[in-house]
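Work through the exercises below with the sequence and the structure side by side, and try each task before reading its solution.

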Amino acid sequence: MTERQRLGVGMVGYAFMGAAHSQAWRSVNRFFDLPLEVDLAAVCGRDQEKVTAAAARLGWRSHETDWKALLRRDDVDLVDICTPGSSHAEIALAALAAGKHVLCEKPLANTVEEARAMAEAAERAAAAGVRSAVGFNYRRIPAASFARDLVAAGRLGTLRHVRAVYLQDWLVDPEFPLAWRLRREIAGSGALGDIGAHIVDLTQFISGQRVTGVCAMTETFVRERPLPAAASGLSASGLSATGPGGGSGQGGGGTGTVTVDDAALFLARLDGGALASYEASRFALGRKNGLRVEVNGSEGSLVFDLERLNELEFYDGRVDGETAGFTRILVTEPNHPYLDAWWPPGHALGYEHSFTHEVRDLVAAIAAGTPPTPSFTDGLQVQLVLDAVDRSAADGSCWAPVEN
Ligand code: SOE
């Protein structure tokens, strides 16, 4: 067998997303036949002791404490950005300029200005064969990808409604500390950018239609929270016992102001004529990672539910009479997206497989010299939707108070 060319990866950040991406880089060549062999060259984090431990735990060959060092390494061909949004633009722009491919976690950036600069830089770099993508991993869950195939094949007819929620509850306790995800200067926004971005991308991916306008409201239910132990900087862990919020427990007293949304709800029109509704909240008590998309068309409907991610509910409007009804499709057949690389039918996949599929498609695109998806331009478009939601919620222009 010919010696496969290597693809050296340098990852910045090693918390929740860093762990998920590390699993993907470790496994992708073991399950997918790719022309490039991934080398987990280095993981980067500011704390020497913690990043050394992370390298050993997550399977990285070496470590760095300054992300700029990754750009100077000849054994790093791709920079994988798994940090909070406040550093996405700086790292991505420098990596692209250094000729490194880039995978950047979602949302692409904390502002439209940053996202636009990143998209423009990515377009320029692509002319030199430098590839980039943004990490909307849910597109790569087989059932979600199969949902898109059904819509694209016309099995739902003309789309009328798209309905999406992404519900978590890790902030319900007012004593949960002021983690980095609750600080606008680090996270850019709250539920809107962290989980709302996912359902904006996923619904556009499945429906093939794009948001053209929104009517929105946001709310911050708990406005003051205890400072975390590492109040000054980012919580290195990015995780806490109660969920992906960061902040290693209670600080040395004192509170801080939450500067982001706890929940964002918005209505939208899509460019193919469908009406859409979106709900992103971290206060939906009992919902741990409850992402659900329903699409209603003139000929059929479908439901994708992340908590049942190996299944797709499908209603075929062409079936009439007493046998009509939603069917539960178990999306584990070898002809379903990505499944031929894994197990026999009925042997379920998990959340982590979406990241393996994400890096599989990125590596294949790099090897083929084709533009990976979703691109930074796609990431910019999601950022523009988030910005429209922010503006609509701020001016309340679509709000009509009920007269008493
Ligand atoms: C939010 O808590 C979060 O960690 C997101 O940031 C991830 O993108 C999502 O996959 C899981 O939930």
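The exercises that follow concern a predicted model, and each task is followed by its worked solution.

**Exercise 1. Work out which elements line the second largest pocket, and of what character its lining residues are.**

Solution. Begin with the pocket itself, whose volume is about 200 Å³, and with its lining, which is made up of 16 residues. Next, look towards the centre of the pocket, where Cys215, Ala216, Met217, Leu265 and Phe266 are the lining residues that lie nearest. The elements that contribute two or more residues to this lining are strand E7 (159–167), strand E8 (211–219), strand E11 (263–270) and strand E12 (275–281). Finally, sort the lining by character, which gives 12 nonpolar residues, two polar ones and two charged ones.

**Exercise 2. Determine whether Thr212 is buried or exposed, and which residues distant in sequence it contacts.**

Solution. First place Thr212, which belongs to strand E8. Its relative accessibility is 57%, and because exposed means over 50%, Thr212 counts as exposed. Then set aside the neighbours within four places in sequence, and the contacts of Thr212 are Arg269, Leu270 and Asp271. For Leu270, compare the two kinds of separation: it stands 58 residues from Thr212 in sequence, while the C-alpha atoms of the two are 5.6 Å apart in space.

**Exercise 3. Carry out the same kind of analysis for His336, asking where it sits and whether it is buried or exposed.**

Solution. His336 is located in the loop that runs between strand E16 (326–330) and helix H9. With a relative accessible area of 8%, His336 is buried, since the cut-off for buried is under 20%. When residues up to four places away in sequence are not counted, His336 touches Phe146, Ile329, Leu330 and Val331.

**Exercise 4. Check the length of helix H9 against expectation, and explain why it is described as largely enclosed.**

Solution. Helix H9 covers residues 351–368, and at 1.5 Å a residue its 18 residues should span 26 Å; the end C-alpha atoms are 27 Å apart, which agrees. Of these 18 residues, 13 are buried, so H9 is largely enclosed by the rest of the structure. Just beyond the helix comes Gly369, which has a positive phi near 70 degrees.

**Exercise 5. Find how far apart the centres of domain 1 and domain 2 are, and how many residues each gives to the contact.**

Solution. Take the bounds from the domain assignment, which gives domain 1 as 5–138 and domain 2 as 139–350 + 384–395. Over C-alpha atoms, the two centres are separated by 24 Å. The contact takes 19 residues from domain 1 and 33 residues from domain 2.

Technical notes: Residues are numbered from 1 along each chain as its sequence is written. This is a predicted model: local features need pLDDT of at least 70, side-chain atom pairs count only at pLDDT 80 or more; totals for chains, interfaces and linings use all residues. Side-chain values use heavy atoms; hydrogens and water are left out. On a 1 Å grid over the protein atoms alone, a cavity is a set of points where a 1.4 Å probe fits but cannot get out, and a pocket is an open set with protein on both sides within 12 Å along at least five of seven lines; lining residues have an atom within 4 Å of a point. Grid points are joined across faces, edges and corners, and a volume is the space filled by probe spheres set on the points. Helices (H or I, at least four residues) and strands (E, at least two) are DSSP runs, numbered from the N terminus. Ala, Val, Leu, Ile, Met, Phe, Trp, Tyr, Cys and Pro count as nonpolar, Asp, Glu, Lys and Arg as charged, and the others, Gly among them, as polar. The expected span of a helix is 1.5 Å times one less than its number of residues. Buried means under 20% relative accessible area, exposed over 50%, partly exposed in between (1.4 Å probe, protein chains only). Domain bounds come from an automatic or database domain assignment. Contact means heavy atoms within 4.5 Å.
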